[in-house]
Amino acid sequence: MASDGLIQTGISGLDRILMGGIPRTNVILVEGTTGSGKTLLGTEFIYRGITEFNEPGIIVVFEVSPDKLIRDAATLGWDLAALQEQKKLQIVFTSPQVLDQELRAADSLLLETAEEIGAQRIFIDGIGLLSRPSNASATLPAIGPGSYRDTLQQLIEGLNREHLTAMLSHELGEYAEPQATSEAAEYLVDTVIRVRRSLHNRRIHRSVEIIKSRGQDYDPGEHTLSIKNGKCLEVFRRVQAPLPFSMDQPTSMAKRSVIGVDALDALLGGGIFDGSTTMVVGLSGVGKTVLGTQILREGAIRQNKRGLLISLDEHPAQIVRNAETLGLDLQSQIDEGTIHVLFDSPQELNIDVHFAKIVSTIEKHDIQRMVIDGMTSYSTALQDQAVYRDFFHALVAYSKHRLMTTFFSYENPEFLGLSTFMPDFPVSSIVDNIILLSLVEIKSSLRRCLTVVKARGCPHQFDSREYVIGPGGITLLPFDETVAKALPLASYNSILSRAPSRIAAATDSR
């Protein structure tokens, strides 16, 4: 139990959205449809209480046999049978009516058991069954003495008298009876946690939402809930939720080289500020990934800045191979731990889980330079413009609060001419710097050029510079040099149209 009077559930991620836990005196209701994870959540609440906080517990079930409960828990690595043998857990298989009588009776066997093992937590699975009397199929009256609400009220009072922190589960359904009983339960309890299981584009999505929790603040909205065999439950905070920063955003006046090339730093007005965000925009094949690799190697080798490369497009092995063809030894930095690579498949990408992976990697390895290679893939994978936008905002906000220098690469689909940097999501006002990598057609050949469109707080140059990709990566050519003895880019107009016209030679008017 935390010093501020909160009891921790022990469920990964859940206590975070509960701002540390739940007030110990609160009675907790977990509600959801069949298969949403109610029983599993309640069982883990008891298991974590025993194993992590030394709080013995009781599990009361009406329909699931104790043997099946123990069997299912074993798939997650929880040995409930051993905990029973150690007198730290008691699984009770009974009926709703017997439970009601037990909590009312002064000589209750259940309460004696709770006192014997020193129980501090109890999970009752399926309180909606309390609405049916023992001898009939009819339900209890809605209100008044002997009603479901009255029965539930007395149950809660009995739990409070014994100072047990109680979690109750309730089945949600489409019919009137479960709706009525759930409404009564929601009103009487202190904390309501709703778990959902839904189908989106032929895939299952699970979520958890805190409907109410008296006596505390919490993160509202639907957060991702993950259930995997061999692992416990895990809650991932929704990416749209504002980051819980209490301090002012830090800033820095320190400027650093992007890739160790003076010509590029000059275009940017002397380099980039620590903690700045940069968007690199360009067609496929212009060298965005190469530039990202050079950015990370420059930080790791010359600036002692640990780096992170994130990709949905290319597997780490392919990224390392492609870098090696240009003489960029990325593998050595990976082996040394100065550069890390995070690859996630765009298939069935869960953005809450993905963002949590990014944050975990950054904090675990103290990342100071990050390159996200392929923002376009996020747009395709998410298929939700609002979520895509919120994810980008969350990345920028998190980067700035850590004073981490971040680069995003975006594949612009426009081949000839450029009408917008990112057609599916404008970001010119969000990022600090924009670097445009273009292909220009001169006569029968395509040539690459680099333009710094924006560099916030820096006196950057508006020149377009030709560059080549070869051994060592990207190299900018001097203004008066070009490739294959062709005229330099300075000899042409409308470079960014990608179909420039040659400047006419000056004539002597004399």
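Threonine 33 is partly exposed, with a relative accessible area of 36%. That value falls between the cut-offs of under 20% for buried and over 50% for exposed. The structure is a predicted model. This briefing starts from Threonine 33, then turns to an open sheet of 9 strands and to the contact of helix α13 with helix α15.

**Around threonine 33**

- Threonine 33 sits in the loop that links β3 (28-32) and α2 (38-53).
- Leaving aside neighbours within four places in sequence, threonine 33 has contacts with Lys38, Glu171, Leu172 and Val195.
- Arginine 196 is 163 residues away from threonine 33 in sequence. In space, the two are 6.8 Å apart, C-alpha to C-alpha.

**The open sheet**

- The strand order is β16-β15-β17-β18-β14-β19-β20-β21-β22, and the pairing is mixed.
- β16 (339-343) and β22 (473-476) stand at the edges. Each has a single partner strand, so one side of each lacks a neighbour in the sheet.
- From one strand to the next, the twist averages 25°.
- Helix α10 (residues 288-302) packs on the sheet. The strands it touches include β14 (277-282), β15 (307-311), β18 (405-411) and β19 (433-442).
- The direction of α10 makes about 165° with that of β17 (369-373).

**Strand β21 and its partners**

- β21 covers residues 464-470 and runs antiparallel to β22, joined by 4 bridges.
- Within that pair, valine 468 has threonine 475 in β22 as its bridge partner.
- The hairpin of β21 and β22 has 2 residues between the strands. In this hairpin, glycine 472 takes a positive phi near 95°.
- β21 also pairs with β20 (residues 445-455), in the antiparallel sense, over 3 bridges.
- Here the bridge partner of cysteine 449 is glutamate 466 in β21.
- Of the 7 residues of β21, 5 are buried, so the strand is largely enclosed by the rest of the structure.

**Helices α13 and α15**

- The axes of α13 (residues 351-365) and α15 (residues 385-401) come within 11 Å and cross at roughly 10°.
- That angle makes α13 roughly parallel to α15, because angles under 35 degrees count as roughly parallel.
- On the α13 side, the contact residues are Ile351, His354, Phe355, Ile358, Val359, Ile362 and Glu363.
- On the α15 side, they are Val387, Phe391, Ala394, Leu395 and Tyr398.
- The residues of this contact divide into 10 nonpolar, 1 polar and 1 charged.

Methods:
Residues are numbered from 1 along each chain as its sequence is written. This is a predicted model: local features need pLDDT of at least 70, side-chain atom pairs count only at pLDDT 80 or more; totals for chains, interfaces and linings use all residues. Side-chain values use heavy atoms; hydrogens and water are left out. Axes are lines fitted to C-alpha atoms, for helices over the stretch in contact, and angles run from 0 to 180 degrees between N-to-C directions. Angles under 35 degrees count as roughly parallel, over 145 as roughly antiparallel, 65 to 115 as roughly perpendicular and the rest as oblique. Contact means heavy atoms within 4.5 Å. Ala, Val, Leu, Ile, Met, Phe, Trp, Tyr, Cys and Pro count as nonpolar, Asp, Glu, Lys and Arg as charged, and the others, Gly among them, as polar. Buried means under 20% relative accessible area, exposed over 50%, partly exposed in between (1.4 Å probe, protein chains only). Two strands pair if DSSP finds at least two bridges between them.
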